[in-house]
Amino acid sequence: MTPSGTNALLRSIPPMEELLNAPWAAEFFESLGRDQVKNIIVCILDEIRREIRSGFQPELPLDCLVVCRAAELLRLKSSSTLKTVVNATGVVIHTNLGRAPLASEALAAVNAVSGTYNTLEYSPQKAGREGRNSHVEWLICGITGAEAALAVNNNAAAVLLALSSIAPGREVIVSSGELVEIGDSFRIPDILAFSGAKMTAVGCTNSTRISDWRGAITENTAVLLKVHPSNYRIEGFVASTSREELAALSWECGLVFMEDLGSGLLSPLNLPFPDREHSVRDCLAAGANIVTFSGDKLLGGPQIGIIAGSKQLIDKMRRHQLLRAVRVDKMTLAAFEATLRLYLSDRREEIPVVRMIELDKSALLQKARRLLRVLRKTAAKLGADDFCFSLVETQDAVGGGAFPTDALPGFGVGIRGTSRSAESLAAALRMSRIPVIPGIRDGQVVLHVRTLLDGDEKRIAAAFTQALNSK
Ligand SMILES: *Cc1c(COP(=O)(O)O)cnc(C)c1O
């Protein structure tokens, strides 16, 4: 485009006052406030100006384009953006989708204490202060066999607090095969550096022997750190050091043996493949002095990090300034306490993550058949005869860094459209009022049923109806 053409286009953008006075904008004043409506329109105008300067030639007249984009963004912002979605991906612990959905007991507990004053740091017996950790410490100790325990904001905070308390200015030895990155912001070497400890990496990527650990110990060493490799596995020739060997070595040299377990398995799961995860209890029994793990992975509770193990070490962490910055809120503690009590009273199957991981073939098949019926009925009602629904086998996953290479065999419903691509249908399902997040495989949309919760079939039917209308 010529410079004068660009300038003419830029000049044809309607003035802000005119836009703000239009009824389509005023409609959002009540929910968002006039200032936010203005800010959002400013963003859209900036975006359009940038595009025009880089050569974009709009198909619509500019005033229509502005109204179209601004109204869409305003609509999006005028209701909650943190909202329910249907997880039809088959990945049980899906970090982007909020990890573990809470058990109903946990939800009830959050409700019961959050709208009222509560005993967060108060003991009616003592008529005085009691630490907030006391609500969950005895439960964690009871379930894992730990001597003491501390709950913090998440597992990253647990690792950071533990290392900051035990090893500032001292050496922490870790295996080269376990220098993991989790998500995009948790890297063991970075957390170690941030805690003030000095990292000594030993061994090779695929092989670390006890002699490597022993050879790296100096008089400034404080901790032997074992890290759960979480989201990857090394196949082929692999030699790693056992927990028992590390425990014995740390005992012999007067060091702390700490393990970042990641996914905190509290009791063994029924799985269709060998259970490679060790429970927190196993790790402590094998001699780990400190174990850290997440509350919202295999445990199935809220976002929380747990430090369990030696009382003497945990008492040190309780006195550390950092604890104040990573302490846990009342809603989270309520949900966590209720979840732990389900383990205590042997009602694990009421925890959604546990239930979904353990779903057997016949239960999954039944779920898939039911969804298939619901979808066929919905399509028939809409007269949508250009879609083909079928029962498909799926590969589901535990997620959250547990069992990274083991698929859970599952079932789902495949949707193939004769006049619509899988990508386009999937996008429409994602953009419906309650978003449905599906998988795509072999050119068809696949709804994995393992991760569907109560009421999700109706939500999927509604999303499918909306998707057809939005075509
Ligand atoms: C998931 C994970 C973490 C991070 O835990 P958050 O609770 O997400 O902070 C740290 N270490 C390991 C080994 C993990 O798997």
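A pocket is an open set of grid points with protein on both sides within 12 Å along at least five of seven lines. In this predicted model, the largest pocket has a volume of about 1500 Å³.

The protein chain is divided into three parts: domain 1 (3-77), domain 2 (86-94 + 357-469) and domain 3 (102-350). Domain 2 is made of two separate segments of the chain, 86-94 and 357-469. Between the C-alpha centres of domain 1 and domain 3 there is a distance of 50 Å.

The lining of the largest pocket consists of 49 residues. Nearest the centre of this pocket lie Val85, Ala100, Pro101, Leu102 and Leu453. Two or more lining residues come from each of strand E1 (86-88), helix H7 (104-114), helix H16 (330-344), helix H17 (352-358), helix H18 (361-382) and helix H20 (456-469). In terms of domains, at least three residues of the lining are drawn from domain 2 and at least three from domain 3. By class, 22 residues of the lining of the largest pocket are nonpolar, 13 are polar and 14 are charged.

The second largest pocket has a volume of about 670 Å³. It is lined by 32 residues, and those closest to its centre are Glu178, Lys226, Pro229, Arg233 and Ser240. Strand E10 (221-227), helix H12 (243-253) and strand E11 (256-263) each contribute at least two residues to this lining. The lining of the second largest pocket comprises twelve nonpolar, twelve polar and eight charged residues. Because domain 2 and domain 3 both give residues to the lining, the second largest pocket lies between these two domains.

The model also contains a ligand. The residues around the ligand are Arg99, Asn154, Asn155, Ala156, Ile182, Phe186, His228, Ser230, Asp260, Gly262, Ser294 and Lys297. This shell divides into three nonpolar, six polar and three charged residues.

Polar contacts with the ligand involve both backbone and side-chain atoms of the protein. At alanine 156, a backbone N or O atom lies 2.9 Å from an oxygen atom of the ligand. At aspartate 260, a polar side-chain atom is found 2.7 Å from a nitrogen atom of the ligand. The side chain of serine 294 has an N or O atom 2.7 Å from an oxygen atom of the ligand. Taken alone, the ligand exposes 380 Å², and 95% of that area is buried by the protein. Helix H9 (155-166) and strand E11 are the elements that give two or more residues to the shell around the ligand. Strand E11 thus appears in the ligand shell and also in the lining of the second largest pocket.

Notes:
Residues are numbered from 1 along each chain as its sequence is written. This is a predicted model: local features need pLDDT of at least 70, side-chain atom pairs count only at pLDDT 80 or more; totals for chains, interfaces and linings use all residues. Side-chain values use heavy atoms; hydrogens and water are left out. On a 1 Å grid over the protein atoms alone, a cavity is a set of points where a 1.4 Å probe fits but cannot get out, and a pocket is an open set with protein on both sides within 12 Å along at least five of seven lines; lining residues have an atom within 4 Å of a point. Grid points are joined across faces, edges and corners, and a volume is the space filled by probe spheres set on the points. Helices (H or I, at least four residues) and strands (E, at least two) are DSSP runs, numbered from the N terminus. Ala, Val, Leu, Ile, Met, Phe, Trp, Tyr, Cys and Pro count as nonpolar, Asp, Glu, Lys and Arg as charged, and the others, Gly among them, as polar. Domain bounds come from an automatic or database domain assignment. A residue is near a molecule or strand if one of its heavy atoms lies within 4 Å of it. A polar contact is a pair of N or O atoms within 3.5 Å; within protein, one must be able to donate a hydrogen and the other to accept it, and residues adjacent in sequence count only if both atoms are side-chain atoms. Accessible areas come from the Shrake-Rupley method with a 1.4 Å probe; for residues, only the protein chains shown count as cover.
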